[in-house]
Amino acid sequence: MARDMSDIDILKMELQQLQKEVKNEREPVSKTAKELVDWVEANSAEDILLKGVPEDKNPFKEKGGCIIT
Amino acid sequence: KDDVIAAASAARARRSGRVGLATASRSTSDPHPAEMATHELHPNDTLTTLKMESENLKAKLEEERAKLHDVELHQVAEKIEALGQFVMKTRRTLKGHGNKVLCMDWCKDKRRIVSSSQDGKVIVWDAFTTNKEHAVTMPCTWVMACAYAPSGCAVACGGLDNKCSVYPLSLDKNENLAAKKKSVAMHTNYLSACSFTNSDMQILTSSGDGTCALWDVESGQLLQSFHGHGADVLCLDLAPSETGNTFVSGGCDKKANVWDMRSGQCIQSFETHESDINSVRYYPSGDAFASGSDDATCRLYDLRADREVAIYSKESIIFGASSVDFSLSGRLLFGGYNDYTINVWDVLKGNRVSILFGHENRVSTLRVSPDGTAFCSGSWDHTLRIWA
């Protein structure tokens with residue numbers, strides 16, 4: 001950790017990191033949010049916790065019975 | 001007045017923005033200090049000058065981020081159907097720990113679970129039958145971290161012993177697992193989280209010593225260390241394998257950092273939480289991640305827009321969120337809280353869709369199963385619950 005560094009060294013490191021981060025490429029939220037939404041929609045059908053499943057299909061829903069592994 | 005503001009923000013920057021440098025003895029892969037000094041050194045550079053520059057850069061960073069904040073996520077999500085009523089119940093209760101459950105992880109086979117507890121025990125369960133398949137007693141109490149190996153043949157765990165150890169799981173129930181224990185990671189403070197990478201061969205750890213580290217399991221060698229948090233690192237999550245070699249970590253410095261695993265560099269950093277970040281989890285697509293914090297909120301950070309895009313909170317929720325995970329499609333975010341409840345959030349629209357009761361003490365850990373059919377929560381009430 002930074003315990004053995006002087007305050008000036010720590011700040012220089014911080015500056016270097018910030019200088020890098022300022023230059024990061026960014027995309028507008030309107031574009032990226034839409035892609036997040038699209039991804040969810042594309043994968044919603046397989047999301048069992050979202051859609052639910054008939055009692056006999058989900059292994060956790062019913063205890064007992066025989067499970068052959 | 002300006003001096004007071006500058007001094008206050010400088011003090012804040014110092015508390016929360018300290019970037020650490022690995023000491024030479026720690027790792028051979030860390031860059032030499034001389035190579036890192038690309039910042040133009042003026043003979044008259046003083047602490048104050050540097051602090052001012054740091055504040056200016058932070059303001060510039062926020063400015064750049066704000067330029068692209070042209071819409072809210074929930075606005076883009078307006079056109080989607082709202083979610084209906086959810087019926088999620090406890091389907092199994094796993095009893096056996098003698099004290100607080102601190103961590104759990106699923107096996108890739110979607111039915112086995114490993115859990116660790118303050119009682120020093122690490123237990124492997126069959127979640128279908130609730131049978132305990134293996135149990136190991138650690139030499140320390142507060143086993144805060146545990147993880148299942150991708151092969152299903154081993155588990156990793158650690159905590160107050162400052163280490164991460166790997167135990168191969170034997171088919172022979174009578175075999176003493178502790179005998180085959182392999183010490184892999186060594187930190188200088190408690191182990192807060194651990195995760196295997198894509199294989200059984202490497203483990204990523206986070207620690208109260210403020211660092212994260214990548215280790216070779218076979219040799220115990222440190223492959224890469226990650227410095228940047230200004231305080232204890234509490235959690236980490238690896239990006240889904242398709243999206244490349246990054247991981248996110250969260251800590252007591254209120255920051256969530258995204259790291260390049262190969263170079264050890266911090267790529268992006270987010271500091272919008274108002275308290276410790278207890279849990280971070282990637283969105284299934286890898287383009288975002290969620291966090292849970294002691295400030296009683298969960299938040300969503302979009303990695304390509306480089307900003308926070310949603311806050312999941314309610315006035316009535318005043319206790320910290322300890323653990324978060326997404327459903328398979330990323331539409332739902334499950335959050336385990338210190339008020340004993342689990343809140344289920346609509347990730348896109350931002351509202352809470354369900355609140356689950358059942359645990360009799362803090363929920364400390366929560367993971368959705370690998371195929372998304374159920375999720376498991378662990379609690380200070382000594383039990384784990386499977387919900388579906």
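How much area is buried between chain B and chain A? In this predicted model, the answer is about 6000 Å². Carbon and sulfur atoms give 65% of that area. The size of an interface is often given in just this way, as the accessible area lost when the parts come together.

Start with the two chains themselves. Chain A has 69 residues, and 41% of them are buried. Its secondary structure comes to 3 helices and 0 strands. From the N terminus on, the order of elements is simply α-α-α. Chain B has 388 residues, of which 59% count as buried. Its elements are 4 helices and 28 strands. Now look at how chain B contacts itself. Take the contacts with a separation of 6 or more: 46% of them join residues 24 or more positions apart.

Next, go to the place where the chains meet. On one side, 85 residues of chain B take part; on the other, 52 residues of chain A are in contact with them. Across this interface, 15 residue pairs are in polar contact, with both residues at pLDDT 80 or more. Which element of chain B gives the largest share of the side that touches chain A? That is helix α3, residues 47–67, with 11 residues. The whole touching side of chain B divides into 41 nonpolar, 22 polar and 22 charged residues.

Charged residues bring us to salt bridges. Side chains of opposite charge can pair when their charged atoms come close. Over all chains, the count is 21 salt bridges. Between chain B and chain A, the count is 2.

One of these cross-chain pairs is B:Asp306 with A:Arg26. Their closest N and O atoms are 2.6 Å apart. Why does this pair join two chains? B:Asp306 lies in the loop between β20 and β21 of chain B, while A:Arg26 lies in the loop between α1 (7–22) and α2 of chain A, so the bridge runs from one chain to the other. Are these two residues buried or exposed? B:Asp306 is buried, at a relative accessible area of 1%. A:Arg26 also counts as buried, at 14%.

B:Arg304 and A:Glu35 also form a salt bridge, with 2.2 Å from N to O. These two residues belong to a network of salt bridges. A:Glu27, A:Lys31 and B:Asp287 are linked in that network too.

Other salt bridges stay inside one helix. In helix α2 of chain A, find A:Asp38 and A:Lys34, 4 residues apart, about one turn of the helix. Their side chains meet at 2.9 Å, N to O. A:Asp38 is partly exposed, with a relative accessible area of 31%. A:Lys34 is partly exposed as well, at 42%.

Helix α3 of chain B holds a pair with the spacing of 4 residues, about one turn: B:Glu64 and B:Lys60. Here the salt bridge is 3.0 Å, N to O. B:Glu64 is buried, at 18%, because the cut-off for buried is under 20%. B:Lys60, at 37%, counts as partly exposed.

Finally, turn to the nonpolar residues. The largest nonpolar core has 29 residues. Which of them touch the most other members? They are B:Leu73, B:Tyr283, B:Leu300, B:Tyr312, B:Leu333, B:Val347 and B:Leu348. Both chains supply elements that give two or more residues to this core. From chain A comes α2 (29–43). From chain B come α4 (73–76) and the strands β19 (288–293), β20 (298–302), β21 (307–312), β22 (321–326) and β23 (332–337). The largest share, 5 residues, comes from α2 of chain A.

Pick out B:Val347 to see the surroundings of one core member. Leave aside residues up to four places away in sequence. B:Val347 then touches B:Leu73, B:Tyr283, B:Leu300, B:Tyr312, B:Phe326, B:Gly330, B:Arg331, B:Leu332 and B:Leu333. Apart from this core lies another, of 17 residues. Among them are B:Ala149, B:Val166, B:Cys194 and B:Ala213.

Key. Residues numbered from 1 in each chain as written. Chains lettered and ligands numbered in written order. Predicted model: local features only at pLDDT ≥ 70, side-chain atom pairs only at ≥ 80, totals over all residues. Heavy atoms only, no water. Contact = heavy atoms within 4.5 Å. Buried area = accessible area lost by both parts, 1.4 Å probe. Salt bridge = Lys/Arg side-chain N within 4 Å of Asp/Glu carboxyl O. Polar contact = N/O pair within 3.5 Å; in protein donor to acceptor, adjacent residues only side chain to side chain. Nonpolar A, V, L, I, M, F, W, Y, C, P; charged D, E, K, R; others polar. Core = buried A, V, L, I, M, F, W, Y, C linked by side-chain atoms within 4.5 Å. Buried < 20%, exposed > 50% of the residue type's maximum accessible area, 1.4 Å probe, protein only.
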